[in-house]
Amino acid sequence: MPAFRSAFLSTLAARGYLHQCSDPQALDGLLAGGTAMPAYIGFDCTGPSLHVGHLMGIMMLRRFQQAGHKPIVLMGGGTTKVGDPSGKDEQRKLLTDADIEANKASIKTAFDRFLSFGDGPTDAIMVDNAEWLDQLAYIPFLRDVGRHFSVNRMLTFDSVRMRLEREQPLSFLEFNYMILQAYDFVELGRRYGCRLQMGGSDQWGNIVNGIDLGRRVADFELFAVTCPLITTASGAKMGKTAAGAVWLNADMLSPWDYWQFWRNTADADVERFLKLFTDLPLKEIARLAALPGQEINEAKKVLATEATAMLHGREAADAAAETARRTFEEGGLAQSLPTVEIPQADLDAGLGLLTAIVRAGLATSNGEVRRAIANGAIRVNDTVVSDDKAVLGTGHIVEGVVKLSNGRKKHVLLRPV
């Protein structure tokens with residue numbers, strides 16, 4: 001890895017973000033020039049929340065701002081109507097304009113935790129590509145922009161080639177996505193002086209398209225930086241769990257569950273994730289990563305608390321850490337555990353344990369609960385239950401709740417109402 005003069009590229013290299021860079025020496029010179037430079041990453045509005053898989057991009061924007069530059073968060077109000085085929089085997093569901101606007105409003109809230117927005121030279125701004133994409137006239141766009149794209153070359157891109165190799169249909173609508181993304185880059189250059197686009201390594205081809213288009217239609221010198229696509233030490237995709245995506249919005253995943261996700265990091269991933277997803281100094285990260293044996297769990301708690309504080313605030317992170325301490329280290333009944341309300345009448349009449357565990361979200365089916373019971377994983381108020389025909393009643397209520405557990409780390413309180 002070459003030595004960089006700019007704080008931004010030096011940080012990316014030192015903390016493990018840097019995967020590809022289109023012209024490292026020239027970009028490094030620009031970034032080290034003492035003037036705040038704009039750069040952007042695009043986020044489509046396909047759902048009401050981003051997830052942990054988007055964190056690499058968000059953190060790169062954060063590092064960019066910390067290095068004295070101006071992040072641009074590009075919301076894909078326009079490109080969401082097309083759908084990015086990268087990494088997909090089938091066409092995304094087409095959303096209505098109302099759906100896209102609702103998703104965009106919901107997604108925006110997460111960025112406030114990571115970036116400082118405002119009107120200053122290094123303050124982040126949020127832009128929607130619908131501002132220009134919705135205004136395009138089709139024939140003029142094809143003449144002015146489309147003529148610069150070779151279909152032969154487009155067919156070699158991974159997002160297209162992989163879909164065709166798997167004999168999955170690729171719509172003409174999706175085929176246009178890479179052209180629109182390239183046009184976004186040029187448009188941001190024209191409007192905001194943006195010279196750099198960042199993204200995951202799967203976006204390299206799309207970003208390079210924008211560099212080429214900028215040179216052809218506007219005589220812009222544009223740059224690309226990508227980060228590696230993060231997988232865990234087990235090879236799993238970052239942010240995907242058995243329970244589904246790890247969402248960033250608190251109304252879709254509680255701070256407690258977010259804390260637990262990071263606490264469950266594999267030993268081999270702790271140092272890397274501390275570098276990528278916290279602001280801790282590298283010296284402190286090296287100390288934590290060197291903890292021997294079981295002490296590495298202390299590093300995992302630090303990772304969980306720091307990552308949660310960045311997204312949900314320090315108070316929520318400390319509360320989650322304290323809940324974990326009481327639950328796992330003291331065996332106490334932490335009232336801040338996830339809670340599911342049930343009718344008091346259900347317990348009065350007797351609630352089957354299988355039904356209760358599924359209703360609490362600790363398992364997805366009765367069969368899964370039976371297997372967990374057979375393995376000694378199901379507990380009621382911290383007492384192992386071996387009978388799959390057990391029934392919960394009012395006698396199980398302690399301090400106003402019934403504590404259900406599946407394994408050592410999954411706990412829910414049933415609160416009768």
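**Exercises on a predicted model**

**Exercise 1.** Work out whether the span of helix H10 (residues 177-192) agrees with its number of residues.

*Solution.* Start with the count: H10 has 16 residues, and at 1.5 Å a residue they should span 22 Å. Now check the ends, keeping in mind that this is a predicted model. The end C-alpha atoms of H10 are 22 Å apart, so the span agrees with the expected one. While you're there, look at how covered the helix is: 13 of the 16 residues in H10 are buried. Then step just past the helix, and you meet Gly193, which has a positive phi, near 70°.

**Exercise 2.** Find out how helix H3 (residues 55-66) and helix H13 (residues 270-277) cross, and which residues meet.

*Solution.* First, take the axes: those of H3 and H13 come within 9 Å, and they cross at roughly 50°. Next, sort that angle. Roughly parallel needs an angle under 35 degrees, while roughly perpendicular runs from 65 to 115. The crossing of H3 and H13 fits neither, so the two helices are oblique to each other. Finally, list who touches whom. From H3 come Leu55, Met56, Met59 and Arg63, and on the H13 side they meet Lys275, Leu276 and Phe277. Sorted by type, the residues of this contact are five nonpolar and two charged, with no polar ones.

**Exercise 3.** Trace the order of the open sheet and pick out its edge strands.

*Solution.* Walk across the five strands and you get E9-E15-E14-E11-E12, with mixed pairing. Strand E9 (339-342) and strand E12 (383-384) each pair on one side only, and that makes them the edges. Now zoom in on one end of the sheet: strand E11 (residues 378-380) runs antiparallel to E12, and two bridges join them. Here Arg379 stands opposite Val384 in E12.

**Exercise 4.** Is Asp257 buried, partly exposed or exposed?

*Solution.* Locate the residue first: Asp257 sits in helix H12 (residues 255-263). Buried would take under 20% relative accessible area, and exposed would take over 50%. Asp257 has 32%, so it is partly exposed. For a sense of distance, try Gly395: C-alpha to C-alpha, Asp257 and Gly395 are 28 Å apart in space, and they are 138 residues apart in sequence.

**Exercise 5.** Describe the protein chain as a whole: its helices, strands and span.

*Solution.* Count the elements: the chain has 19 helices and 15 strands. Then take the C-alpha trace, which spans about 75 × 50 × 40 Å along its principal axes. Last, check burial: of the 417 residues, 48% are buried.

How values were computed: Residues numbered from 1 in each chain as written. Predicted model: local features only at pLDDT ≥ 70, side-chain atom pairs only at ≥ 80, totals over all residues. Heavy atoms only, no water. Axes fitted to C-alpha atoms, helices over the stretch in contact; angles between N-to-C directions. Helix = DSSP H or I, 4+ residues; strand = E, 2+ residues; numbered from the N terminus. Parallel < 35°, antiparallel > 145°, perpendicular 65-115°, else oblique. Contact = heavy atoms within 4.5 Å. Nonpolar A, V, L, I, M, F, W, Y, C, P; charged D, E, K, R; others polar. Expected span 1.5 Å × (residues − 1). Buried < 20%, exposed > 50% of the residue type's maximum accessible area, 1.4 Å probe, protein only. Pairing = 2+ DSSP bridges.
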